[in-house]
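User: I have a model open here and want to go through it with you. Can we start with the basics and then look at the empty spaces?

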Amino acid sequence: MIFVAISINPERIVRNTTHKNRAINMLSGFSAIFMACSLALLGGQYLPALGVELLFLWGVATFIFVRGYVVALRAGMSSIGLTGPRLAGGTICYLAEVAGAILLIIGRGVGLYIAALGTIVLFAFLISGAWLLITGIYEEPAEG
């Protein structure tokens with residue numbers, strides 16, 4: 001869905017800081033989910049090793065998410081979808097991933113379940129973010 005959203009009107013996405021950062025967040029979020037799933041499916045891996053890999057991955061993804069939101073809010077170009085609950089919800093999902101990774105590093109298998117729950121909820125946030133990207137492009141007046 002994110003690829004469709006970006007391909008519909010890439011010029012408007014690139015010119016609008018909110019849309020551009022939302023697209024970056026969606027792409028990095030989906031990429032992080034696919035990489036985390038791939039890492040978790042590697043066989044013969046000890047929990048602490050998986051935890052270190054996931055901690056690095058989700059640490060970078062969390063930074064990209066929060067930075068993108070802050071940049072979009074400061075730019076003040078489009079307020080569509082830039083709400084406190086969306087920021088809090090997404091951040092909680094990313095922090096659940098980080099917490100799960102830390103638990104894996106200390107050898108606690110429950111970390112995998114916490115990370116999985118964070119991933120599932122994050123996936124829903126990313127889908128809704130892609131939808132906001134599509135609708136946000138058309139709710140703003142065209143320049144010209």
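Analyst: What follows is a walk through this predicted model.

User: What does the secondary structure come to?

Analyst: The protein has 6 helices and 0 strands. Along the sequence the pattern reads α-α-α-α-α-α.

User: And what box do the C-alpha atoms fill?

Analyst: Roughly 55 × 25 × 20 Å, taken along the principal axes.

User: What percentage of the residues is buried?

Analyst: Buried residues make up 43% of the 144 residues.

User: Now the pockets. What volume does the largest pocket have?

Analyst: The volume of the largest pocket is about 190 Å³.

User: Which residues line it?

Analyst: The lining of the largest pocket consists of Ile 33, Ala 36, Cys 37, Ala 40, Leu 54, Trp 58, Glu 97, Leu 112, Ala 115, Ala 116, Thr 119 and Ile 120. By class that gives 10 nonpolar, 1 polar and 1 charged residues.

User: Which helices supply at least two residues of that lining?

Analyst: Helix 3 (17-41), helix 4 (47-75) and helix 6 (110-139) each do. The largest share, 5 residues, comes from helix 6.

User: How many cavities of 30 Å³ or more does the structure hold?

Analyst: There is 1 cavity of 30 Å³ or more. The largest cavity has a volume of about 160 Å³.

User: What lies nearest its centre?

Analyst: Arg 22, Asn 25, Met 26, Phe 65 and Tyr 69 lie nearest the centre of the largest cavity, out of 18 lining residues.

User: How does that lining break down by class?

Analyst: The largest cavity is lined by 9 nonpolar, 7 polar and 2 charged residues.

User: Which helix gives the largest share there?

Analyst: Helix 3, with 5 residues. Helix 3, helix 4, helix 5 (84-105) and helix 6 each supply at least two residues of the cavity lining.

User: Back to Asn 25 for a second. Is it buried or exposed?

Analyst: Asn 25 counts as buried, because its relative accessibility is 4% and the cut-off for buried is under 20%. Asn 25 lies in helix 3.

User: How far apart are Asn 25 and Leu 126 in space?

Analyst: Their C-alpha atoms are 8.2 Å apart, with the two positions 101 residues apart in sequence numbering.

User: Different topic: cysteines. How many disulfides does the structure hold?

Analyst: The structure holds 0 disulfides.

User: Why is there no bond for Cys 37?

Analyst: The closest cysteine sulfur, in Cys 93, is 14 Å from the sulfur of Cys 37, so the two are too far for a bond. A disulfide needs the sulfur atoms within 2.5 Å. Seen from Cys 93, the closest cysteine sulfur is the one in Cys 37, at 14 Å, again too far for a bond.

User: Are those two cysteines buried or exposed?

Analyst: Cys 37 counts as partly exposed because its relative accessibility is 37%. Cys 93 has 6% relative accessibility and therefore counts as buried.

User: Next, helix packing. At what angle do helix 3 and helix 4 cross?

Analyst: Their axes cross at roughly 170 degrees and come within 9 Å. That angle makes helix 3 roughly antiparallel to helix 4, because angles over 145 degrees count as roughly antiparallel. The contact of helix 3 with helix 4 has 18 nonpolar, 6 polar and 2 charged residues.

User: Lys 20, where is that found?

Analyst: Lys 20 is found in helix 3. Lys 20 counts as partly exposed because its relative accessibility is 37%.

User: What separates Lys 20 from Ile 33?

Analyst: The C-alpha atoms of Lys 20 and Ile 33 are separated by 20 Å, and the two residues are 13 residues apart along the chain. Ile 33 is also one of the residues that line the largest pocket.

User: Last one: where is the place of Ser 7?

Analyst: Ser 7 is in helix 1 (residues 2-8). Its relative accessible area is 51%, so Ser 7 is exposed, because the cut-off for exposed is over 50%.

User: And how far apart in space are Ser 7 and Ile 64?

Analyst: Ser 7 and Ile 64 are 22 Å apart, C-alpha to C-alpha, and 57 residues apart in sequence.

Technical notes. Residues are numbered from 1 along each chain as its sequence is written. This is a predicted model: local features need pLDDT of at least 70, side-chain atom pairs count only at pLDDT 80 or more; totals for chains, interfaces and linings use all residues. Side-chain values use heavy atoms; hydrogens and water are left out. On a 1 Å grid over the protein atoms alone, a cavity is a set of points where a 1.4 Å probe fits but cannot get out, and a pocket is an open set with protein on both sides within 12 Å along at least five of seven lines; lining residues have an atom within 4 Å of a point. Grid points are joined across faces, edges and corners, and a volume is the space filled by probe spheres set on the points. Helices (H or I, at least four residues) and strands (E, at least two) are DSSP runs, numbered from the N terminus. Ala, Val, Leu, Ile, Met, Phe, Trp, Tyr, Cys and Pro count as nonpolar, Asp, Glu, Lys and Arg as charged, and the others, Gly among them, as polar. Buried means under 20% relative accessible area, exposed over 50%, partly exposed in between (1.4 Å probe, protein chains only). Axes are lines fitted to C-alpha atoms, for helices over the stretch in contact, and angles run from 0 to 180 degrees between N-to-C directions. Angles under 35 degrees count as roughly parallel, over 145 as roughly antiparallel, 65 to 115 as roughly perpendicular and the rest as oblique.
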